[in-house]
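Biologist: Please show me the model, and then justify the labels you put on it. I will ask for the value and the cut-off behind each one.

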Amino acid sequence: MQSKKLLTRRRLLELRKLVIVTMVFLLSLSNFLPYSAQYAQANETPSLSDLELKQDVDGEERKEVEKGATFTFNVDALIPESGSNEGTLTILNQVNKQLAIENVEVVVNEEESDLEATVEEQDVSLELTPEQLDTVAGQHVTLKITAAFQDEVEAGTEIEHVAEAFINGELAEKAEPVTVALLADAEAPAEEETTEEEAQQEEEV
């Protein structure tokens, strides 16, 4: 009987030790996992797909213009620090046919650059090769499209401008659209009312 009791106690002690060791291990693991996740996040390599694409029209989301006035769509892409080895980046703008393209230029961090956009009818695009992406990594590449409403466009017309970014031909990012609106023609000034003195002069005549 005593030997059986001793065996039972030993088993209980061993089981208790096992439980304690398991609890210590789980506690250690729970403390380690958040740090490992934070470390992995901190050391995550930026990807070309992390680029930020934004746009405005003369610094606004919506702009009203008079007929004949020009305005500029500013399509800005913040290029990630790395990811150039992932392929080619293309920024595409399909300018509405009711707009006439006046000028196109590309700036990097608001300074002149050697980058050139391609204009094919109403499509304006900027293609960046892996080598070019290396030179502009971590910088703002802005495509500036200056345009005006066509003469035949009716007053009150509103147009949304869309800008998209493609990586190796696949859509990767789409900027929030901006709107440009054509104001109505100014009304002709009302004729001045005839004064009493002018009326009397007309009667005398």
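Biologist: Which polar atom lies 2.9 Å from the backbone oxygen of Asn96?

Modeller: A polar atom of the side chain of Gln122 lies at that distance from the Asn96 oxygen. Bear in mind that this is a predicted model.

Biologist: What makes the approach of Gln122 to the backbone oxygen of Leu99 a polar contact?

Modeller: The side chain of Gln122 reaches that oxygen of Leu99 at 3.1 Å. A polar contact needs a pair of N or O atoms within 3.5 Å, so the pair qualifies. Gln122 itself sits in the loop between β7 (118-120) and β8 (123-128).

Biologist: Why is Glu64 called partly exposed?

Modeller: Its relative accessibility is 46%. Buried means under 20% and exposed means over 50%, so Glu64 falls in between. Arg62, at 38% relative accessibility, is partly exposed by the same rule.

Biologist: What makes Arg62 and Glu64 a salt bridge?

Modeller: Their side chains meet at 3.3 Å, N to O. The rule asks for a side-chain nitrogen of Lys or Arg within 4 Å of a carboxyl oxygen of Asp or Glu, so this pair counts. Arg62 also meets Glu158 in a salt bridge, at 2.9 Å, N to O. Arg62 belongs to strand β2 and Glu158 to strand β10, so this second pair ties together parts that are 96 residues apart in sequence. Glu158 is partly exposed, with a relative accessible area of 48%.

Biologist: How do you know that Lys144 and Glu110 form a salt bridge?

Modeller: Their closest N and O atoms are 4.0 Å apart, and the cut-off is within 4 Å. The pair is therefore listed as a salt bridge. It links distant parts of the chain, 34 residues apart: Lys144 is in strand β9 (residues 140-149), and Glu110 is in the loop between β5 (99-108) and β6 (111-112).

Biologist: Is Lys144 buried or exposed, and is Glu110 buried or exposed?

Modeller: Lys144 has a relative accessible area of 18%, under the 20% limit, so it is buried. Glu110 has 58%, over the 50% limit, so it is exposed. As for the other pairs, salt bridges that share partners join Arg62, Glu64 and Glu158 into one network. The structure holds four salt bridges.

Biologist: What is the order of the strands in the open sheet of three strands?

Modeller: The order is β2-β13-β10, and the pairing is mixed. β2 (62-65) and β10 (158-161) each have a single partner strand and stand at the edges, so one side of each lacks a neighbour in the sheet. From one strand to the next the twist averages 20°.

Biologist: How do you know that β2 and β13 pair?

Modeller: Four bridges join β2 to strand β13 (residues 178-182), and the two run parallel. At least two bridges are required, so the two strands are a pair. Val65 stands opposite Leu182 in β13.

Biologist: Which side chains along β2 point to one face and are buried?

Modeller: Lys63 and Val65 do, whereas Arg62 and Glu64 point to the other face and are not buried. In a regular strand, side chains alternate between the two faces of the sheet.

Biologist: Why is β11 described as largely enclosed by the rest of the structure?

Modeller: Five of the five residues of strand β11 (residues 163-167) are buried, so the description follows. Both faces are covered: Ala163, Ala165 and Ile167 are buried on one side, and Glu164 and Phe166 on the other.

Biologist: What makes β4 and β12 partners of β11?

Modeller: Strand β4 (residues 89-94) pairs with β11 in the antiparallel sense over five bridges. Strand β12 (residues 170-174) is joined to β11 by four bridges, also antiparallel. Each count meets the minimum of two bridges, so both strands count as partners. Asn93 stands opposite Ala163 in β11, and Ala165 stands opposite Glu173 in β12. β11 and β12 form a hairpin with two residues between them, and Asn168 in the turn has a positive phi of about 55°.

Methods: Residues numbered from 1 in each chain as written. Predicted model: local features only at pLDDT ≥ 70, side-chain atom pairs only at ≥ 80, totals over all residues. Heavy atoms only, no water. Axes fitted to C-alpha atoms, helices over the stretch in contact; angles between N-to-C directions. Buried < 20%, exposed > 50% of the residue type's maximum accessible area, 1.4 Å probe, protein only. Polar contact = N/O pair within 3.5 Å; in protein donor to acceptor, adjacent residues only side chain to side chain.
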